[in-house]
Amino acid sequence: MNITANNPALKSWVEVDKSSDFPIQNLPFGIVKNKQLSARAASRIGDFAIDLFALFQLGYLDGLGFEQADFDNNRFNQLMKKGKDGTRMLRNRLAELFSTDNNTLQNKKEDQEKVLIPIAEIENEMPVHVGDYTDFYSSIEHATNVGTLFRDPENALLPNWKYIPVGYHGRASSIILSGEEIHRPKGQQKPKDDEPPVFGPCKLLDFELEMAFITYDGKPLGESISTKEADDFIFGMVLFNDWSARDIQKWEYVPLGPFLAKNFASSISAWIVTLDALEPFRVKGPEQDPKVFPYLEYQGEKNIDINLEVLIQPEEHDEASSICRSNYKYMYWNQTQQLAHHTINGCNIKAGDMYASGTISGPTEDSYGSMLELSWKGSKTVKLKGGEERKFIQDKDTVIMRGHCEKDGVRIGFGEVSTKVLPAK
Ligand code: CA
């Protein structure tokens with residue numbers, strides 16, 4: 001089935017600003033609600049949410065095989081059971097309905113009022129129920145920086161890194177939506193090598209600039225998804241801030257890996273941008289040497305050119321300071337390989353599962369995706385507007401991440417993920 005919604009020539013009768021992340025070629029999916037409307041499935045165009053439940057009730061989604069419960073629902077998991085063909089048909093229908101070439105909804109003012117809700121009048125909810133969450137470690141620049149800082153600059157990458165898309169199973173229950181505040185975590189730390197550990201609020205609180213992909217239902221337990229099939233099992237992507245407590249992490253991670261340093265919160269952006277909408281922005285990934293195992297080989301361009309930015313806004317400032325610009329295209333292991341690796345042992349995947357990329361650092365010092373790297377383990381400061389400086393994240397700081405693709409005059413974006421840090425409880 002063609003992705004007709006991606007046509008760069010499409011224009012909408014809904015006015016969309018040129019700088020918007022949400023033109024007619026995006027049409028992402030999310031959950032919205034307000035005082036009058038129960039939580040329901042929605043899409044977005046410009047500064048409007050598209051109420052998919054209302055659109056369904058008015059008959060505009062007839063003939064696509066959906067039922068009311070797919071839209072009258074506070075999560076997308078049920079609708080995602082329709083798989084890639086289902087969500088592709090839905091997005092194509094939306095592009096048709098909101099295009100200037102089509103009169104059905106364009107000529108019905110009273111229906112438009114039921115379907116289009118100004119973004120300022122709604123709030124988002126978590127778009128999916130996340131059953132399982134996996135965190136990869138797939139940026140070679142990030143893994144090299146961390147290896148250099150904590151081990152040996154001569155052997156910064158561990159021997160397995162170029163053979164295996166390294167990852168671990170994280171915590172799904174503490175994945176939260178943009179806008180929700182978090183408290184600084186407490187825990188054990190060992191600041192001095194020759195002294196016993198201490199307990200208290202984390203002192204080295206950090207963000208990790210990541211993207212996450214969300215899957216449809218996969219295959220039965222025991223079967224694998226090949227790199228050729230992987231895209232058919234990926235619904236879309238969100239911005240992902242994988243909060244990290246570096247001092248807690250350093251003391252606890254031996255021998256089983258990250259635990260309480262990582263599971264207190266991870267924040268996501270509200271709108272799931274479909275993998276379909278991102279297809280025009282595919283680019284070639286880095287050369288992989290040594291040659292990967294056959295099950296990790298892939299055809300075509302599988303990286304995606306997504307510009308990423310991180311900003312810090314201290315409480316007393318009106319303006320946020322940009323501290324990092326990176327790009328998802330730098331990933332050494334792409335998501336096709338990540339999913340093939342994840343299932344090669346027969347591990348099953350479910351609709352709504354989330355897979356974070358790992359911190360996305362680029363080659364230059366201003367493209368590092370964590371404070372650990374930007375401050376080079378606290379050995380230098382990151383300058384903010386108004387003369388302030390940071391080595392790690394302080395109480396009452398808000399960390400904002402943004403992402404967008406741009407090509408042939410079309411800009412597809414993710415909006416932002418924004419999280420304020422409150423003092424430890
Ligand atoms: Ca991470």
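Mentor: A residue counts as buried when its relative accessible area is under 20%. In this predicted model, Glu-210 and Asp-242 both fall in that class.

Trainee: What makes Asp-135, Glu-208, Glu-210 and Asp-242 count as donors of the calcium ion?

Mentor: The cut-off for calcium is 3.2 Å. The oxygens of Asp-135, which appears twice, and of Glu-208, Glu-210 and Asp-242 lie at 2.2 to 3.1 Å, so they qualify as donors under that limit. Water is not among the atoms, so the site may look incomplete. Along the chain, the donors follow the spacing D-x72-E-x1-E-x31-D.

Trainee: Why is the pair Glu-210 and Asp-242 said to tie parts of the chain together?

Mentor: Glu-210 belongs to strand 13 (residues 209–215), whereas Asp-242 sits in the loop between strand 14 (234–241) and strand 15 (244–245); the pair therefore links parts that are 32 residues apart in sequence.

Trainee: Why is helix 8 called largely enclosed?

Mentor: Of its 9 residues (335–343), 9 are buried, so the rest of the structure largely encloses helix 8. Among them are Gln-335, Leu-339 and His-342.

Trainee: What makes the approach of Asn-334 to Thr-336 at the start of helix 8 a polar contact?

Mentor: The limit for such a pair of N or O atoms is 3.5 Å. A side-chain oxygen of Asn-334 comes within 3.1 Å of the backbone nitrogen of Thr-336, so the pair satisfies that distance limit.

Trainee: How do you know that the radius of gyration of the chain agrees with a compact globule?

Mentor: For 425 residues, the globule rule gives a value near 22 Å, and the chain has 22 Å; the two therefore agree. Of these 425 residues, 56% count as buried.

Notes:
Residues are numbered from 1 along each chain as its sequence is written. This is a predicted model: local features need pLDDT of at least 70, side-chain atom pairs count only at pLDDT 80 or more; totals for chains, interfaces and linings use all residues. Side-chain values use heavy atoms; hydrogens and water are left out. Buried means under 20% relative accessible area, exposed over 50%, partly exposed in between (1.4 Å probe, protein chains only). Helices (H or I, at least four residues) and strands (E, at least two) are DSSP runs, numbered from the N terminus. A polar contact is a pair of N or O atoms within 3.5 Å; within protein, one must be able to donate a hydrogen and the other to accept it, and residues adjacent in sequence count only if both atoms are side-chain atoms. Donors are N, O and S atoms within 2.8 Å of the metal (3.2 Å for Na, K and Ca); water is not among the atoms, so sites may look incomplete. The radius of gyration is taken over C-alpha atoms; the globule rule is 2.2 Å times the number of residues to the power 0.38.
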